[in-house]
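Please open the model in your viewer and keep the selection tool at hand. This tour proceeds from one selection to the next and describes what is found at each stop.

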Amino acid sequence: MTKTITDVICPFCGTLCDDVEVIVSDDGKKLLEVNNACVIGTEKFLHSQAKDRVTRPRMHQEDGSWKEVSYDEAVEYTAQMLAKARKPLMYGWSSTNCEAQSVGNEIAELSRACCDNTAAVCHGTTLIALQDEGLPSCTLGEVKNRADRVIFWGCNPAHAHPRHMSRYSIFPRGFFTGKGQMSRKLIVVDPRTTDTAKMADIHLQVEQGRDYELLNALRVALRGEWLPDEVAGISAEKIREAADILKSGRFGIIFFGMGVTQSISKNHNIDEAIALTKDLNEHTKFSIMPMRGHYNVTGSGEVFAWQFGFPYAVDLTRGFARYNPGDTSSIDLLTRGEIDAMFTIGSDPGAHFPISAVKPIANLPSVCIDPHLTPTSGVSKLHVPVAFNGVETGGNCYRMDNVPIDCRKVVEPPEGMLTDEQFLTKVRDRLKELKGVA
Amino acid sequence: MAEYLIKNGHVFDPVQGIKGDKADVAIKDGKIVDKVGSSAKVIDAKGMTVMAGAVEIHSHIAGPKVNLGRIYRPEDKLFSCTPTHGMERMGGGASIPTTFKTGYEYAKMGYTTAMEAAMPPLFSRHVHEEIRDTPIIDEGAYPVLGNNWFVLEYLRNHEVENTAAYIAWLLKVTKGYAVKVVNPGGTEAWAWGLNCLSIHDPVPYFDITPAQIVRGLIEANEYLGLPHSMHIHPNDLGNPGCYQTTLDTLALAEGLKTHNKFGREQVMHLTHTQFHSYKGTNWADFESGAKEVTDYVNAHKNITIDTGNVTLDETTTMTADGPFEHHLTGLNHLKWANVDVELETAAGVVPYIYSPNISVCAIQWAIGLEIPLMMKDGMRCYITTDHPNAGPFTRYPRVFKWLMSTKAREAQINAFKHKDKVLSQTSIGSLDREITFYELAQMTRAGPAKSLGLSAICGGLKPGMEADVAVYNIDPDKPIANPDDIEKAFSRCAAVFKSGVQVVSNGEIVSNGHKRTLWVDVKTKENAQVKRDISEKFVKYYSVTQNNYEALGHHFVPNPFAIEVDATQV
């Protein structure tokens, strides 16, 4: 007999679908089948069952080979590394739960570390814009129940957030949107004809890197002022048409992704997008929401904020929290060579940071806590595999709209494996001993 | 547990009617007791003031909008960071301190219980995660219900019993404490960019008025017999002339009687009254309506209020009154954040600078002080700053100073740029009342505890109550030479005990205590219709499933203190 577990939360992207069904073996040890999840989410669940999975910590040897060590030895190495370091960087946090993040923050405080999450290479610019301009936003259920105007700007949910459109933004029939897709106008802004763009009522094929100009032109069009014949590769006529569509809706939303946050102009693009949203609120109701990537990058920002006061790029080296992106952010710290120990958890800077920031990691005392083999685990001195969060252990996570959802454990981890939280708790306790703190 | 004897202090305890007499307070096993053994640790409180731990009835200290404030205001941390220190984790933030700093600051001022005033039910887990990380003080949270679709649909047909059954369910799944109403109907209207400014403005689509919502929620609250009453932030907050809507709202409680076993006497608590007591027609002829509002409240015993004192600081406003924050950003052009929450509520956040050089801010300051000075019964008027809306809670000692000293008030009035306007538009200049230590104990301890239905547990020093005790280094028998001494004494306690554990000594944190989460567990009759309605709303309209809605277990509420209510016999 098999068992079906319902209402399972998918630990992949910021959409944080919570209607997944998982079928497990009678003894709860094997995960057999995944229903309702997208192809990426399904793979995330099934990947935990891989036969060749690393289940014990490993130390990188001089000759490049790996030697298996016990969790206790891994705790000792990590605690010693953090105790000795003068400016350790503790990076990642986006693919683990808030419980682990919370213990991690205690460790960071004890070791006076720099703490950062994956917003560093993703929506960090959004956070800076939010600090400039504010952010009129809403929960995803509001979009489902009310939105009749939807913009996807510099994002491609058809591939990156596959169930976003069916659960919240385009297809669902909500309370005031009984006709589903028919009740919504979709505008996609993207230089490429993506699968999302193909579904749009209007595809504004903006010239690459000209998002700021187009956002600004939309604000001009809203006010009915003069526009040149063409802005950012789009005709004035089309811009005015788009502005009229936005204005005439009852409830609209702009979703935006890394096409605007990490292309030229960065946070200034988002400043302008937020300003456009505010302007639209003079005509109708409008919101804006970042399409957060990792399933709990939002949660990491929240936990940092209520414990330290800042959402990312937090520097605790002076004994209190400082925040100055560009100075205290991971890539900058690494490329300037200011870091003397690297602690990575729940993310893969090796694959996503510029090579100039990855190289220093290979020369530093370093720990990578991750269930997978990644480029980061490959360059780190110590790799600590842990149970899959959201599959082999539960824990709280925050969806892209900041709604907290408590993940579920569906199967047992391989025997003897620790969770992030368990491993970090051991490190914290050992670090307290080393530092002589009660 | 250690025993303590606080000797020779001047005790102020409205619960027992003690007005500054020299008395000893004995603590054993976490409770106040008649006497302790000779081995008890003695705290010499000679020449000091002893009161129960203070009770905060309305403050925004945990949850999504508070944290949004922290995230989007890095500038609030400038010059306000506190390093790791002794027992204390590092902290930061002036108007929106981090959770650790929030707990320490309250405790150092002698506060031992605090209520988070607006919890969006969908975000209850977030609220509870922050409550868990706020050390020392006991906390509860009020779920917001005034714009909730279930409530709007039931009360449209005046289905009080169904509303009550839904409230009982919601308190249980969100681990909530009381029924909070913010801009009834207006916040739902805000989802379309609209508002309800009077109690008779219809709510778009739902075919109900704010008056029906308020009246129905009072009835549902009393049907269940909850510890606290319906707690309201009325329509039309913060606009010149809004006192009329406030009086209309208060009149909705007329003739309604309470029904509870917690010793609570009111059926409505009006919060941050200062923001709802404005006369005039625009910002130029803006004037105080404190007299009209307090006259009404003085004459109606079934209402309690809190003040919402403006402290003349730079702060961060945040409220579930979404349309108000949009209005405010239009006035001050500072950054605006908003979150609409599906089926339930909304919230907005805007920074605000209450400048003593702006006449409206100075008049707001005066109105906030007029209200407690005009209220006859200290047991029905509680001091708040609606933290952080009118000012940060860390300014309570300064508010106490203004209330307890006409000299301090005069000094502030003389410092205003538009002094004449303050005097002509308010009656602050003619009020010579000074709040006494005993009245202060009513307004910050016994009163709020009674209003919350906690009068058997906290807010007093009667044997059997929780040993929440604050010792202030000020002698009430000596004339106060300098009003600043009041502020200084109430800022940092000589000693504070929370449930029998000494948490503060000489203004320093010495223990993180055993903080608890207060919530109300109501048992009701099985109600099949409400059960079905709840499951239908989750299937069709929520973006999470019903099974993923509840704040469960050790992580969110590690140390619960459930107050049980049996409503099965109603």
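Begin with chain A of this predicted model. Colour its three parts separately: domain 1 covers residues 2–47, domain 2 joins 58–122 with 295–435, and domain 3 spans 124–290. Next, select domains 2 and 3 of chain A, whose C-alpha centres are 34 Å apart. Where they meet, 11 residues of domain 2 are in contact with 9 residues of domain 3. On the domain 2 side of this contact, 9 residues are nonpolar, 1 is polar and 1 is charged.

Now turn to chain B. Its domain 1 consists of residues 4–51 and 458–509, and its domain 2 of residues 52–451. Between the C-alpha centres of these two domains the distance is 28 Å. Their contact involves 32 residues from domain 1 and 34 from domain 2. Several elements of chain B each supply at least two residues to the domain 1 side, among them β1 (4–13), β2 (18–28) and α16 (484–491). Select α16(B), which gives the most to that side, with 4 residues. By class, the domain 1 side comprises 19 nonpolar, 6 polar and 7 charged residues.

For the last stop, select helix α10 of chain B, residues 322–332. Which of its residues are buried? They are G322(B), P323(B), F324(B), E325(B), H326(B), L328(B) and T329(B). Show their surroundings as well: these buried residues pack against α6 (186–190), β15 (314–319), β16 (336–341) and β17 (345–353) of chain B. Finally, step just past the helix to H333(B), which has a positive phi of about 55 degrees.

Notes: Residues are numbered from 1 along each chain as its sequence is written. Chains are lettered from A and ligands numbered from 1 in the order in which they are written. This is a predicted model: local features need pLDDT of at least 70, side-chain atom pairs count only at pLDDT 80 or more; totals for chains, interfaces and linings use all residues. A residue is buried if 20 or more other C-beta atoms lie within 10 Å of its own, exposed if 12 or fewer, and partly exposed in between; C-beta atoms are placed from the backbone. Two residues are in contact if their C-beta atoms, placed from the backbone, lie within 7 Å. Domain bounds come from an automatic or database domain assignment. Ala, Val, Leu, Ile, Met, Phe, Trp, Tyr, Cys and Pro count as nonpolar, Asp, Glu, Lys and Arg as charged, and the others, Gly among them, as polar.
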